[in-house]
Amino acid sequence: MVKNMVLSLLLLLFLVPANLVHAESEPRIIDQYEENNTFNTAYPLGNWKYKLLSGTIHAPEDYDYYQFTASKGDRLAIRLSQIPNHVNYDLYLYKDSYGYPLIDYSTRSGNQDEIIRFDVPETGSYIVLVRSADGSYDDWNFYRLTFIDRIKTATYTANLTPTVLTSPGAGTTSQVASVNLSNQQAVPDGAIVRSVSAQGTISPSLGHTYREVMNGSEGIWYTSISGSGSFPDITVAKELPVKTIWHVRYYSLAHSSSTWRNPQIRITYEYDETYHY
Ligand SMILES: [Ca+2]
Ligand SMILES: [Ca+2]
C-alpha cells in the first residue's frame, strides 16, 4: 500500500514536468468550439438571441466558424471585441447555403473591435467567421463574440417656445413654436422618429382644429387629425432624425380665436444601440 503510494508520487513527479514541457510545445488553449475550421464544421450556436462566447485564435491558419439561425426581420449586430493586444482579427458573415455567399464583413485595423449590423432578409441559417487578418494570433487571450438585439425604442417629450400660440380662427395659422433637439443628450445619436404626437390644450375647444408639426431636417409641415394630436403621415419609413429642430403651429377653421398653451411634442423613436460601436 505504502509502496504503491510512493510509486504514485514518483510517477506524479515525473508526469508534472512532462506535462509542462508538452504545454509549451502545443497551443496552450484550444477553445471548446474546435474543430470549427471550415463552413462544414461550423460550431452550431442555435438561434442568435442573445449569444455570447469566448474563443481563441490559436494558430495563424485557425479559422473559427459559427453557425446561427435568425428570423426574417431580426435586426441584430455581431460584435467581435476584446481582441488581444498586438493581433488583428476580422469578422465575416455568410449565408449558410450553396457556395456560402458573403453577406458582410468588418476588417478594422489593429485590435479594434469589429461589428456587423445585420437586418435579416429571410429566416434561415447563417455563418460568422472569426479569423486572423494577417497571421497574427494569441493562443492565450480570448476574443469575445456577442450577438446584440440592436434596435431599441424610447420616447422623448419636448417643450416648445413660445409657450402660448394664438390663432384668430377662419383658417389663419398661429405663430410657430420651436425647440432645438440637435444637442439633446437624453436622445441617442442616430435616433429615428417612429411617431409624433402634439400635446397641450387648445382652448376654447373648437371644431376643425388642426395642429401641425415640422421636422427641421425635412422642412415639411404635417397636419394632425382634426381635434387630435396625432400625425398619421409621420412613420418610421420617413427616417426622420429626432436630433434636429422641431416646429409646431395650428389653425382652426372656426370663426373664433383660440389659444394653444404649453405646446409639447412627444416623440417615439428607435435607435441603434451599436451606433457608436
Ligand atoms: Ca478554429
Ligand atoms: Ca481587424
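Strand β15 and strand β16 (residues 221–223) run antiparallel and are joined by 3 bridges. Keep in mind that this is a predicted model. Overall, the protein has 1 helix and 19 strands, so the tour below is mostly about strands and what they pack around.

**The β15 neighbourhood**

- The β15–β16 hairpin has 5 residues between its strands, and G219 there takes a positive phi near 80°.
- Across that hairpin, E212 has T223 in β16 as its bridge partner.
- β15 also pairs with strand β17 (residues 245–252), again in the antiparallel sense, this time over 7 bridges.
- On the β17 side, the residue standing opposite E212 is R249.
- Side chains alternate along β15 (residues 209–215): T209, R211, V213 and N215 point to one face and are buried.
- Y210, E212 and M214 point to the other face of β15 and are not buried.

**The five-stranded sheet**

- There's an open sheet of 5 strands with mixed pairing, in the order β1-β3-β8-β5-β6.
- Its edges are β1 (43–47) and β6 (102–106), each of which pairs on one side only.
- On average, neighbouring strands in this sheet are turned by 20° against each other, direction ignored.
- β1 and β3 run parallel and are joined by 3 bridges.
- Looking for a way into that pair? P44 has Q67 in β3 as its bridge partner.

**The largest nonpolar core**

- The largest nonpolar core has 25 residues, and the ones touching the most other members are L80, I127, V128 and V130.
- At least two residues of this core come from each of β3 (63–70), β4 (75–81), β5 (89–95), β8 (124–132) and β9 (138–149).
- β8 gives the most to the core, namely 5 residues.
- There is also a second, separate core of 22 residues, with V193, I202, I265 and I267 among its members.
- As a general backdrop, nonpolar side chains tend to be buried together in soluble globular proteins.

**Zooming in on V128**

- V128 is found in strand β8.
- V128 counts as buried because it has 24 C-beta neighbours inside 10 Å, where 20 or more is enough.
- Leaving out residues up to four places away in sequence, V128 touches Y66, F68, I78, L91, Y92 and L93.
- Take Y66 from that list: V128 and Y66 are 62 residues apart in sequence, but their C-alpha atoms are 5.3 Å apart in space.

**The three-stranded sheet**

- A further open sheet has 3 strands in the order β11-β18-β14, and its pairing is antiparallel.
- β11 (164–167) and β14 (202–203) are the edge strands here, each pairing on one side only.
- β11 meets strand β18 (residues 258–261) over 4 bridges in the antiparallel sense.
- Within that pair, T166 stands opposite T259 in β18.

**The whole chain in numbers**

- Of the 277 residues in the protein, 25% are buried.
- Counting contacts between residues at least 6 apart in sequence, 76% join residues at least 24 apart.

Technical notes:
Residues numbered from 1 in each chain as written. Chains lettered and ligands numbered in written order. Predicted model: local features only at pLDDT ≥ 70, side-chain atom pairs only at ≥ 80, totals over all residues. Core = buried A, V, L, I, M, F, W, Y, C linked by C-beta atoms within 7 Å. Buried ≥ 20, exposed ≤ 12 C-beta atoms within 10 Å, placed from the backbone. Pairing = 2+ DSSP bridges. Axes fitted to C-alpha atoms, helices over the stretch in contact; angles between N-to-C directions. Contact = placed C-beta atoms within 7 Å.
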